Every structure is written in structure tokens, then in C-alpha cells.
Amino acid sequence: MVVERLFLAVVLTEDARHALAARIRDGTRVLPGRPVRPQNWHLTLRFLGDVDGPGYDRLLAALDEADLGEHFRVRLGGLGAFPKPSRATVLWVDFAQGKDRLADLAARVEQAVEIAGLPGEDRPFRAHLTLSRIRPPQDVRRFLEEVGPLGIGWGVDRVVLYRSHLGPGGPRYEEMAVFAL
């Protein structure tokens, strides 16, 4: 058995999700590119990809045993773009508060992944929430200025293991397990 397309994430509360949707779509603005559906907004702590059955069981056990730290608060900052606002391919939201705590949580999750015997992550963690993917690249500087700082906050009290199901209408995320902080 292989469990496909797994990732670990921090999720927004429903209040934060609704507040963010209202801020970026205020009736006159249109999110550039192919927007991520609000119900799919999350902060990826670690993408795992496909994991075999024994690896999946070891991952669940390692996360159950892991010290993921205490709950904490985060607050969204402003929008940004990869690779740069004048030729954006990804539109994202930065964190104004809790970025260090998110990095610490990602490190604790990474340690559990390694204890489970799964491959380590090569890329550094960068806390952000993806809003849209843009192909071909667009200049989004004006959009970034119009939206400004968001200031939307919520409490982080858990890590969720998701399985991503790809489909013609976009991905659907299935909650596989929850790990309390």
C-alpha cells in the first residue's frame, strides 16, 4: 500500500479564512492567476509526497510521540510574489506574527519525519500561504499595493496530516490525522 501525496500543514480557522477572503476579494479586485480555493488555504509545514504503508505507520507513531510545542498565535502580514512582483508566478501571504514559531514547528515536524525514516527536506522552510498560481507570469505590483497589510490572526493549536487528491476541478484535501500542540 502507498499513501499518495501527503503533506503536513497548519490550517486557518473559519473566521480567519472568511476574513482573508473578504480582504482580497473586496468586490472590485480579482485575484490574478488561478486562485487556490479558500477551503484549501493552509500553511504547508512539510510536503511528503508518496509514502509506503510501513512509512505511513511510522510517521503517525513519530508524530504521536513528538513534542510539537505549545499553541501560539499567528497574524498575516502583506502579500508577496515569487519570483518577484513584476513577473509573478505565485501570489502568497506573509506572516507578520508567529513566523519564528512556525519555523520552530516546521523543525519539530521535520524531526518526526526523520525519526519515521522518511527522506529529509533539502529546501529551507519559508512560512507563507499560497493564494494563486499565475501562468504566464504577470506584474502584480498594483494588486499588492491595493490589498496592503492584512492583520488577520488566529491561534495555532494543531498540525494536520492531509492527503491531496488531484482532479479536474483542482485538488481536494482529505484530513488523515490531527496532532495537537
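**Figure 1. Accessible surface and overall build of the predicted model.** The accessible surface of the protein comes to about 9600 Å². Carbon and sulfur atoms hold 48% of that area. The model is predicted, not experimental. Of the 181 residues, 45% are buried. Along the principal axes, the C-alpha atoms fill a box of roughly 50 × 35 × 30 Å. The fold contains 4 helices and 9 strands. Their order along the sequence is β-α-β-β-α-β-β-α-β-α-β-β-β. The radius of gyration is 17 Å, close to the 16 Å from the globule rule for 181 residues, so the protein is as compact as a globular protein of that length. Among contacts with a separation of 6 or more, 77% join residues 24 or more positions apart.

**Figure 2. The largest pocket and its lining.** The volume of the largest pocket is about 1200 Å³. Its lining has 36 residues. Nearest the centre of the pocket lie His-42, Thr-44, His-128, Thr-130 and Arg-133. Two or more lining residues come from each of strand 1 (2–11), strand 2 (34–35), strand 3 (42–52), helix 3 (99–115) and strand 6 (129–138). Strand 3 gives the largest share, with 6 residues. By class, the lining divides into 19 nonpolar, 8 polar and 9 charged residues.

**Figure 3. Val-159, a buried residue of strand 8.** Val-159 sits in strand 8, which spans residues 158–165. Its relative accessible area is 0%, which is under the 20% cut-off, so Val-159 counts as buried. Beyond residues up to four places away in sequence, Val-159 touches Leu-8, Ala-9, Leu-45, Leu-68, Leu-105, Val-109, Ala-177, Val-178, Phe-179 and Leu-181. One of these partners, Leu-68, is 91 residues from Val-159 in sequence. The C-alpha atoms of Val-159 and Leu-68 are 8.5 Å apart.

**Figure 4. Arg-158, the sequence neighbour of Val-159.** Arg-158 also belongs to strand 8. Its relative accessibility is 34%, so Arg-158 counts as partly exposed, whereas Val-159 is buried. With residues up to four places away left out, the contacts of Arg-158 are Ala-9, Val-10, Val-11, Val-178, Phe-179, Ala-180 and Leu-181. Ala-9 also appears among the contacts of Val-159. Arg-158 and His-71 stand 87 residues apart in sequence. In space, their C-alpha atoms are 7.5 Å apart.

**Figure 5. Ser-164 and its contact Arg-5.** Ser-164 is placed in strand 8. At 7% relative accessibility, Ser-164 is buried. Its contacts, not counting residues up to four places away, are Glu-4, Arg-5, Phe-7, Pro-171, Arg-172 and Tyr-173. Arg-5 lies in strand 1. Arg-5 is partly exposed, with a relative accessible area of 30%. The backbone at Arg-5 deserves a look. Its phi is near 50°, a positive value in a residue other than glycine. Most residues other than glycine have a negative phi, and most peptide bonds are trans.

**Figure 6. Two cis peptide bonds.** One cis bond joins Phe-82 and Pro-83, with omega about -10°. Pro-83 lies in the loop between strand 4 (72–82) and strand 5 (88–97). Another cis bond joins Arg-135 and Pro-136, with omega about -5°. Pro-136 is found in strand 6, an element that also gives two or more residues to the lining of the largest pocket.

**Figure 7. Pro-137 in strand 6.** Pro-137 is found in strand 6. At 33% relative accessibility, Pro-137 counts as partly exposed. Pro-137 touches Arg-87, Ala-88 and Thr-89, with residues up to four places away in sequence not counted. Phe-7, one of the contacts of Ser-164, gives a second reference point here. Pro-137 and Phe-7 are 130 residues apart along the chain. A distance of 26 Å separates their C-alpha atoms.

How values were computed
Residues are numbered from 1 along each chain as its sequence is written. This is a predicted model: local features need pLDDT of at least 70, side-chain atom pairs count only at pLDDT 80 or more; totals for chains, interfaces and linings use all residues. Side-chain values use heavy atoms; hydrogens and water are left out. On a 1 Å grid over the protein atoms alone, a cavity is a set of points where a 1.4 Å probe fits but cannot get out, and a pocket is an open set with protein on both sides within 12 Å along at least five of seven lines; lining residues have an atom within 4 Å of a point. Grid points are joined across faces, edges and corners, and a volume is the space filled by probe spheres set on the points. Ala, Val, Leu, Ile, Met, Phe, Trp, Tyr, Cys and Pro count as nonpolar, Asp, Glu, Lys and Arg as charged, and the others, Gly among them, as polar. The radius of gyration is taken over C-alpha atoms; the globule rule is 2.2 Å times the number of residues to the power 0.38. Buried means under 20% relative accessible area, exposed over 50%, partly exposed in between (1.4 Å probe, protein chains only). Contact means heavy atoms within 4.5 Å. Accessible areas come from the Shrake-Rupley method with a 1.4 Å probe; for residues, only the protein chains shown count as cover.
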